[in-house]
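Subject: Structure handover

Hello,

Here is the structure we spoke about. Please open it and keep it in view while you read the notes that follow.

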Amino acid sequence: MQVQLRIQRNDPDVDVKPHYQNYTVDVEPTDRVLDALNQIKWHQDGTLTFRRSCAHGVCGSDAMRINGRNRLGCKVLIKEIGAKMTIEPLLGFEVIKDLVVDMEPFFASYRKVMPYLVNDETPPATERLQSPEQRAVFDDTTKCILCAACTSSCPITWSNEEYIGPAAIVNAHRFIYDSRDNGTEARLEVLNESSGVWRCRTIFNCTDACPRGIQVTNAIEQVKRTLLLGS
């Protein structure tokens, strides 16, 4: 089938403001949006710039707005969108070029929550074990691929650069409730700041945007309850 892509183009070194450029490509209905973008990049316009890596919905590189929704280009099939689509960069981030945005502020927030196991105890002779019930508490938030789709969908991040954002909270959640971790107090201190979880307005945009199906808003609310209960 033949599809038309209306892509937002923006080279800050050249363009005064973003503009849209139209492309027509031949694809199969079962191809992905990423395949259509690759067709343009490889055969029509080598200046088109976007991120991609694994192309299997694992690395999170190709998060973008497809017809106004934050999605992964490698997971959305052409037949789900139809013959016309508008492709734009994620909201809330500075555009480096075309669909590539500056992710450094996103990863700065991620680093604040210490997204790694904190345990200074003497390592046991075998691995640190936990029960299936203990694992189930945070299993959902282990699925995050750091695509920033949730953070970019949050209206708070569009106007408040200090807000730590849902992705950072999700990754804090993953370790706060891990029975093997001892860094809960330090993480909760970060999340209890004015730019932490209390900025969340429970809009559920983040949950809707997550390509991995993580219940992001529920995780944020669980952290809020933990702070309120003091444990």
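Contact, as used in these notes, means heavy atoms within 4.5 Å. Please keep in mind that this is a predicted model.

With that term in hand, start at helix 1, which covers residues 33-43. Its buried residues are Val-33, Leu-34, Ala-36, Leu-37, Asn-38 and Ile-40. These buried residues pack against strand 1 (2-9), strand 2, strand 3 (63-66), helix 2 (78-81) and strand 5.

Next, the chain as a whole. It has 10 helices and seven strands. The C-alpha trace spans about 60 × 40 × 30 Å along its principal axes. There are 231 residues, and 48% of them count as buried. The chain exposes about 12,000 Å², of which carbon and sulfur atoms supply 49%. Among contacts with a separation of 6 or more, 61% are between residues 24 or more positions apart. As for charge, the chain has 27 positive and 30 negative charges, and their mean positions are 4 Å apart.

Now the interior. The largest nonpolar core has 64 residues. Those with the most contacts inside this core are Leu-5, Ile-7, Val-33, Leu-37, Ile-87 and Leu-191. Helix 7 gives the most to this core, with six residues. Two of the residues just named, Val-33 and Leu-37, also appear among the buried residues of helix 1. Leu-191 touches residues that include Val-113, Ile-164, Ile-169, Trp-198 and Leu-227, leaving aside those up to four places away in sequence.

The rest of this note takes four residues in turn.

His-173 is found in helix 7. Is His-173 buried or exposed? The relative accessible area of His-173 is 3%, and buried means under 20%, so His-173 is buried. Not counting residues up to four places away in sequence, His-173 touches Val-137, Phe-138, Thr-141, Ala-219, Gln-222 and Val-223. The C-alpha atoms of His-173 and Val-14 are separated by 42 Å, and the two residues are 159 residues apart along the chain.

Asn-160 is in the loop between helix 6 (155-159) and helix 7 (166-176). Asn-160 counts as buried because its relative accessible area is 18%, and the cut-off is under 20%. Which backbone atom does the side chain of Asn-160 reach? That atom is the backbone nitrogen of Glu-162, at 2.9 Å.

Glu-94 lies in the loop between strand 5 (84-88) and strand 6 (95-97). With a relative accessible area of 58%, Glu-94 is exposed, since exposed means over 50%. Glu-94 touches Val-100, Val-101 and Asp-102, with residues up to four places away in sequence not counted. Glu-104 is 10 residues from Glu-94 along the chain, and their C-alpha atoms are separated by 9.8 Å.

Pro-29 is in the loop between strand 2 (19-26) and helix 1. Its relative accessible area is 33%, which lies between the cut-offs of 20% and 50%, so Pro-29 is partly exposed. What does Pro-29 touch, not counting residues up to four places away in sequence? The list is Met-1, Leu-77, Ile-78 and Lys-79. The C-alpha atoms of Pro-29 and Leu-129 are separated by 46 Å, with these positions 100 residues apart along the chain taken as their distance in sequence.

Regards

Conventions. Residues numbered from 1 in each chain as written. Predicted model: local features only at pLDDT ≥ 70, side-chain atom pairs only at ≥ 80, totals over all residues. Heavy atoms only, no water. Helix = DSSP H or I, 4+ residues; strand = E, 2+ residues; numbered from the N terminus. Buried < 20%, exposed > 50% of the residue type's maximum accessible area, 1.4 Å probe, protein only. Polar contact = N/O pair within 3.5 Å; in protein donor to acceptor, adjacent residues only side chain to side chain. Core = buried A, V, L, I, M, F, W, Y, C linked by side-chain atoms within 4.5 Å. Areas by Shrake-Rupley, 256 points an atom, 1.4 Å probe, with all protein chains shown as cover. Lys, Arg positive; Asp, Glu negative; His and termini not counted. Charge placed at Lys NZ, Arg CZ, Asp CG, Glu CD.
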